[in-house]
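Please open the structure in a viewer and keep the sequence at hand. The tour below proceeds by selection, one stop after another.

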Amino acid sequence: MSVQKLRASPIWNTEPNALCTRGKQKLIHATPRLLSRPPKLAVKCGVRFRPCIDIHKGKVKQIVGSTLQDSKEDGPNLITNFVSDKSATEYAKMYRDDGLTGGHVIMLGADPLSILAAIEALHAYPGGLQVGGGINSSNALSYIDEGASHVIVTSYVFHNGEIDFVRLKELADVVQKQRLVLDLSCRKKNNRYAIVTDRWQKFSDVYLDQKVLDTLANYADEFLVHGVDVEGKKLGIDEELVALLGKYSPIPVTYAGGVTCISDLERIRLAGMGHVDVTVGSALDIFGGNLAYKDVVAWHSQQEALTV
């Protein structure tokens with residue numbers, strides 16, 4: 001890690017902060033402590049906003065993910081928050097023009113129209129977007145060839161409730177670790193966070209903890225984690241989950257779920273100790289919500305300023 005700028009912070013800090021080693025350059029604030037011994041450096045880290053494009057049957061939509069069904073036809077309980085009249089390509093170009101990288105293009109069902117829309121988005125912003133939904137070792141490289149920076153995978157590497165290390169190693173060999181994102185979206189079960197698969201309908205027997213994150217980090221460049229219990233419901237973030245990710249994830253990690261306002265972004269920054277990036281969906285005005293996209297981009301720019 002190279003530190004390119006050192007700046008004194010006017011805020012007194014009594015809590016130790018761990019040095020960022022997540023593969024992103026961060027600003028170190030020299031923060032004096034109210035102690036009798038000489039002051040030490042406390043580290044604060046900027047986080048990033050990761051945009052998203054969720055595609056369902058070829059259209060950009062915001063759907064409460066937990067209501068999706070693991071079948072070709074969506075059931076009567078499907079809750080759709082928003083259907084856009086803009087194409088996935090238009091969103092990709094907007095994110096490109098705003099300098100946002102590492103966004104997620106998610107195919108909510110790998111039907112032909114959704115695949116086409118996703119590929120068109122990748123063509124509009126080559127190298128700037130990640131793609132997920134129905135990814136496996138047979139098709140992963142084709143999306144890289146179409147312009148995806150990474151492929152995002154969940155269900156393929158979890159089989160019968162367990163991590164399928166044969167599939168995981170095969171996939172990592174095919175696309176290489178630096179292009180693989182593992183989606184570890186989870187739900188509370190027995191007061192722990194169980195990874196869920198198959199459109200978030202099936203609980204695995206794998207729970208998020210330090211050991212699991214350390215193990216899976218050997219195969220992936222990043223993690224993407226939706227707090228499924230709050231995702232799409234605009235009820236506030238799962239702060240406990242954010243804190244777990246900030247404490248234990250040894251590689252870059254992005255949290256999604258429940259963001260409603262700018263203060264939620266700050267809560268994620270603090271709870272995640274500056275290590276957890278954030279994506280926002282239904283709450284944004286570009287997806288029919290009340291949170292101004294331009295305000296989130298401005299917040300992101302402030303965070304980016306910490307790295308220059």
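A residue is called buried when its relative accessible area is under 20%, exposed when that area is over 50%, and partly exposed in between. The model on display is predicted.

**First stop: a pair of rings on helix α4**

Select F165, whose relative accessible area of 32% makes this residue partly exposed. Add Y219, which counts as buried at 17% relative accessibility. The ring centres of F165 and Y219 lie 6.1 Å apart with the planes at 55°, so the pair is tilted. F165 belongs to helix α4 (residues 165–175), while Y219 lies in the loop between α5 (210–216) and β16 (222–226), so the pair ties together parts that are 54 residues apart in sequence.

**Second stop: the two faces of α4**

Now display the side chains of α4. Which residues of this helix are buried? They are L168, L171, A172 and V175. These residues cover an arc of only 100° around the axis, which puts them on the same side of α4. An α-helix has 3.6 residues a turn, so residues three or four places apart point the same way. To see what covers the buried residues of α4, select α3 (140–145), β9 (150–153), β11 (162–163), β12 (180–183) and α5, which are among the covering elements. Then turn to the face directed away from the buried side, where the exposed residues V166 and D173 are found.

**Third stop: the sheet**

Switch to a cartoon view and select the strands. Eleven of them form an open sheet with mixed pairing, in the order β3-β18-β17-β16-β12-β9-β8-β7-β4-β5-β6. The edge strands, each pairing on one side only, are β3 (49–50) and β6 (80–83). Beside the edge strand β6, select β5 (residues 59–63): β5 and β6 pair in the antiparallel sense over three bridges. One residue to mark here is I63, whose bridge partner in β6 is T80. Helix α1 packs on the sheet, where α1 touches β4 (52–56), β5, β6 and β8 (129–132). The direction of α1 makes about 175° with that of β4.

**Fourth stop: aromatic rings around α1**

The count of aromatic pairs in the model comes to five. One of them joins Y95 and Y293, a tilted pair at 6.2 Å centre to centre with 45° between the planes. This pair links distant parts of the chain: Y95 is in helix α1 (residues 88–97) and Y293 in helix α8 (residues 293–304), 198 residues apart. Are these two tyrosines, Y95 and Y293, buried or exposed? Y95 counts as buried at 1% relative accessibility, and Y293 is buried as well, with a relative accessible area of 8%. Extend the selection to F82, Y91 and F287, which form one aromatic cluster together with Y95 and Y293.

**Fifth stop: a charge over a ring**

Select R192 and Y207. The charged end of R192 sits over the ring of Y207, 4.1 Å from the ring centre.

**Last stop: M273**

Where is M273 found? This residue lies in the loop between α7 (262–271) and β18 (276–279), and at 36% relative accessibility M273 counts as partly exposed. Leaving aside residues up to four places away in sequence, M273 touches G246 and K247. Finally, select V242 together with M273: the two are 31 residues apart in sequence and 9.1 Å apart in space, C-alpha to C-alpha.

Note on methods:
Residues numbered from 1 in each chain as written. Predicted model: local features only at pLDDT ≥ 70, side-chain atom pairs only at ≥ 80, totals over all residues. Heavy atoms only, no water. Phe/Tyr/Trp six-rings, centres within 6.5 Å; stacked < 30°, edge-to-face > 60°. Helix = DSSP H or I, 4+ residues; strand = E, 2+ residues; numbered from the N terminus. Buried < 20%, exposed > 50% of the residue type's maximum accessible area, 1.4 Å probe, protein only. Lys NZ or Arg CZ within 6 Å of the ring centre and 35° of its normal. Pairing = 2+ DSSP bridges. Contact = heavy atoms within 4.5 Å. Axes fitted to C-alpha atoms, helices over the stretch in contact; angles between N-to-C directions. Arc of directions from axis to C-beta.
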